[in-house]
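Hi,

Here is the structure I promised you, with the sequence alongside. My notes on what turned up in it follow below.

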Amino acid sequence: MDFTFATEQKFLVLIADIAFVGFIVATLFGGIVAVGARQLIHAVLGLIMSLMGVAGLYVYLGNHFIAAMQILIYVGAVSISMVFAVMLARPPEDAKAKPLMFATKIGSGAVIALFAAFVVGRAVIAHPWVKAATVVKEGTIRQIGENLLTTNVFVFELISLVLLVAITGSVIIAKRGRDNTDQQGGGV
Amino acid sequence: MLQNFVPVLILFLFAAAFGLGVLLISSLLGPKRPTAAKQATYECGMDVQPDARRPLDVKYYLIAMAFLIFDVEVIFLYPWAVQFKSLGLFGFIEMLVFLFILLVGYAYIWKKGVLEWE
């Protein structure tokens, strides 16, 4: 980096750099736990760790709104709904799936990794890299707020309609499922 | 720029250290005299009747869905709140419309008895 900092700032920059590595480790370690855990709930916890790490990386990319969104929606809401899904699911004794062969696991993992590397690599190579503006645009959240409520205000109102549809839909589907289990004499 | 976030990081570390530290101190200093009764899993002082891993009632999931929807709502309040002054009255009314549409959803789940816990 070609920034120049005062001495007391340099120490903070060092801490920020160390924390960057920490976030990467949290992301990767959480991901490995999420894939490898035997207990489903441990996998969810690993995923939460990974998502927290990604939220940290968003801060380093200078987009604090996305970081806040990541924590609020992914770590907060999506993970909660996953925990609830685990609670609602049948115990693993009932739902026994045939485990994949080791070679199949490695093979499919390698194929997916290669595909992802190919897609990302193409994008990286194709992108005309210019030196980023050294001053990170201050207040991206401000811009988002400004755009959301002036230029794209119609879209903004549509978002609330989409959320309305989502909430009514979830109630309707859950209620119907509930009635079915009642007819079968199941249900807790 | 990023070094301005170091205090936030320190706060996170303190929070994590406090949580882990309390557990560690209690395991180090606490007396350990285990008996069979103390080691047993219990549920309101009684033995656990069925297996803990069983499908739970779907109404828990409905509450979770309601939480999810209003959690997503909050994320849209955030940029508006930051830019509140310059957006002025127009933005305020826009946000009221936004909130009202979601309030319809809230009224719906209330009417459907999702929030009731018989």
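**What I found**

Setting aside neighbours within four places in sequence, B:Asp71 is in contact with A:Leu72, A:Ile73, A:Gly76 and A:Ala77. This acidic residue belongs to helix H3 (residues 58–82) of chain B. What caught my eye is that B:Asp71 is buried and yet has no salt bridge. The nearest side chain of opposite charge is A:Arg142, and that is 22 Å away.

Before I go on, please keep in mind that this is a predicted model. It scores 0.71 for ipTM and 0.71 for pTM.

B:Asp71 has company, by the way. B:Glu94, in helix H4 (residues 84–111) of chain B, is also buried without a salt bridge. Here too the nearest side chain of opposite charge is A:Arg142, this time at 19 Å. And what does B:Glu94 touch, not counting residues up to four places away in sequence? The list is A:Leu149, A:Val153, A:Phe156 and A:Glu157.

**Where the chains meet**

Chain A puts 58 residues into the contact and chain B puts in 50. Between them the two chains bury about 5100 Å², with 78% of that on carbon and sulfur atoms. On the chain A side, A:Leu88, A:Leu149 and A:Ile167 supply 12% of the area buried against chain B, more than any other three residues. A:Leu149 is also one of the residues that B:Glu94 touches.

How many salt bridges are there between chain A and chain B? The count is 0.

Another residue to look up here is A:Phe84, which sits in helix H3 (residues 64–88) of chain A. Its relative accessible area is 17%, under the 20% cut-off, so A:Phe84 counts as buried. Leaving out residues up to four places away in sequence, A:Phe84 touches B:Tyr60, B:Tyr61 and B:Ala64.

**Aromatic rings**

Over all chains, a search of the whole structure gives 10 aromatic pairs. One to show on screen is B:Phe84 with B:Phe92: the ring centres are 6.3 Å apart and the planes meet at 85°, so this pair is edge-to-face. The cut-off for that label is over 60 degrees. Are these two rings buried, exposed or partly exposed? B:Phe84 has 36% relative accessibility and counts as partly exposed, and B:Phe92, at 34%, is partly exposed as well. Please don't mix up B:Phe84 with A:Phe84, which is buried.

Over in chain A, A:Phe20, A:Phe23 and A:Tyr60 form one aromatic cluster.

**The two chains one by one**

Chain A has 6 helices and 0 strands, so to speak a run of α-α-α-α-α-α when you read along the sequence. Of its 188 residues, 24% count as buried. Taking the contacts in chain A between residues at least 6 apart in sequence, 49% join residues at least 24 apart.

A:Leu158 is a residue of helix H6 (residues 153–183) of chain A. With a relative accessible area of 38%, A:Leu158 is partly exposed. Measuring from C-alpha to C-alpha in the model, A:Leu158 and A:Gln39 are 39 Å apart in space, and 119 residues separate them in sequence.

Chain B has 4 helices and 0 strands. From the N terminus on, its elements run α-α-α-α. Of the 118 residues in chain B, 25% count as buried.

**How far to trust which part**

The mean pLDDT of chain A is 80, and 79% of its residues reach 70 or more. Among the elements of chain A, helix H2 (residues 40–60) has the highest mean, 91, and H6(A) the lowest, 78. That lowest-scoring helix is where A:Leu158 lies. Then there is the stretch of residues 181–188 of chain A, where pLDDT stays under 50. For that stretch the model has 6 contacts beyond four places in sequence.

Chain B averages a pLDDT of 84, with 90% of the residues at 70 or above. Confidence in chain B is highest in helix H1 (residues 6–29), at a mean of 91, and lowest in helix H2 (residues 36–39), at 80.

Cheers

Technical notes
Residues numbered from 1 in each chain as written. Chains lettered and ligands numbered in written order. Heavy atoms only, no water. Phe/Tyr/Trp six-rings, centres within 6.5 Å; stacked < 30°, edge-to-face > 60°. Buried < 20%, exposed > 50% of the residue type's maximum accessible area, 1.4 Å probe, protein only. Helix = DSSP H or I, 4+ residues; strand = E, 2+ residues; numbered from the N terminus. Lys, Arg positive; Asp, Glu negative; His and termini not counted. Salt bridge = Lys/Arg side-chain N within 4 Å of Asp/Glu carboxyl O. Contact = heavy atoms within 4.5 Å. pLDDT = per-residue confidence, 0-100. Buried area = accessible area lost by both parts, 1.4 Å probe.
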